[in-house]
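Me: I have a structure open and a few bench questions about it. Can we go through them one at a time?

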Amino acid sequence: MIQVKVFDYEHEKDLEEDVNQFLKNIDDNKLLDIKYHVAVMPEDDDEQIYCFSAMILYKK
């Protein structure tokens, strides 16, 4: 059965840590793909909001 796991964080380090922790529990031959995405939105006070996300496709 093919499964997905989605991660979504405001900081790339948080995403990195969680994805690495999740990957420790998956056999290499069951990992199918990893999709990575970054979104940026401007705020009213000249700052930006970042959204770092990843989706892991794997066999269970």
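Me: Which residue does D33 meet in a salt bridge?
Reply: This is a predicted model, where local features need pLDDT of at least 70, side-chain atom pairs count only at pLDDT 80 or more, and totals for chains, interfaces and linings use all residues. Residues are numbered from 1 along each chain as its sequence is written, and side-chain values use heavy atoms, with hydrogens and water left out. A salt bridge here is a side-chain nitrogen of Lys or Arg within 4 Å of a carboxyl oxygen of Asp or Glu. At 2.9 Å, N to O, the side chain of D33 meets that of K35.

Me: Is D33 buried or exposed, or in between?
Reply: Buried means under 20% relative accessible area, exposed over 50%, and partly exposed in between (1.4 Å probe, protein chains only). K35 has 44% and is partly exposed. D33 has a relative accessible area of 30%, so D33 is partly exposed.

Me: What is the bridge partner of K35 in β3?
Reply: Strands (E, at least two residues) and helices (H or I, at least four) are DSSP runs, numbered from the N terminus. β2 covers 31-42, and β3 covers residues 48-59. The partner of K35 in β3 is M55.

Me: How many bridges join β2 and β3?
Reply: Two strands pair if DSSP finds at least two bridges between them. One bridge matches Y36 with A54 in β3. The two strands form a hairpin with 5 residues between them, and D46 in the turn has a positive phi of about 60°. They pair in the antiparallel sense, and the bridges number 11.

Me: In what order do the strands lie in the sheet?
Reply: Strands of a sheet pair through backbone hydrogen bonds, either parallel or antiparallel. Here the pairing is antiparallel, and the sheet of 3 strands is open. β1 (2-9) and β2 are the edge strands, each pairing on one side only. The order is β1-β3-β2.

Me: Which strands does helix α1 touch?
Reply: Axes are lines fitted to C-alpha atoms, for helices over the stretch in contact, and angles run from 0 to 180 degrees between N-to-C directions. Helix α1 (residues 12-23) packs on the sheet, its direction making about 10° with that of β3. Contact means heavy atoms within 4.5 Å. The strands touched by α1 are β1, β2 and β3.

Me: Which residues does S53 contact, leaving aside its neighbours within four places in sequence?
Reply: S53 is found in strand β3. Its relative accessible area is 16%, so S53 is buried. Leaving aside neighbours within four places in sequence, the contacts of S53 are F7, D8, L15, K35, Y36 and H37.

Me: How many aromatic pairs does a search of the whole structure find, and how is the pair of F7 and F22 arranged?
Reply: Rings of Phe, Tyr and Trp (its six-membered ring) pair if their centres lie within 6.5 Å; planes under 30 degrees apart count as stacked, over 60 as edge-to-face and the rest as tilted. The search finds 3 aromatic pairs. F7 and F22 have ring centres 5.7 Å apart and planes at 70°, so this pair is edge-to-face.

Me: Where do F7 and F22 lie?
Reply: Both residues are buried. Ring pairs link them with Y58 into a cluster. Their pair links distant parts of the chain, 15 residues apart: F7 is in strand β1, F22 in helix α1.

Me: Which residue has its charged end over the ring of F7?
Reply: A charge sits over a ring if NZ of Lys or CZ of Arg is within 6 Å of the ring centre and within 35 degrees of the ring normal. Here the charged end is 5.5 Å from the centre of the F7 ring, and the residue is K5.

Me: Which residue forms a salt bridge with E16?
Reply: A search of the whole structure finds 2 salt bridges. E16 is partly exposed at 40%, whereas its partner is exposed at 52% relative accessibility. The two sit 3 residues apart in helix α1, so about one helical turn separates them. With the closest N and O atoms 3.5 Å apart, the partner of E16 is K13.
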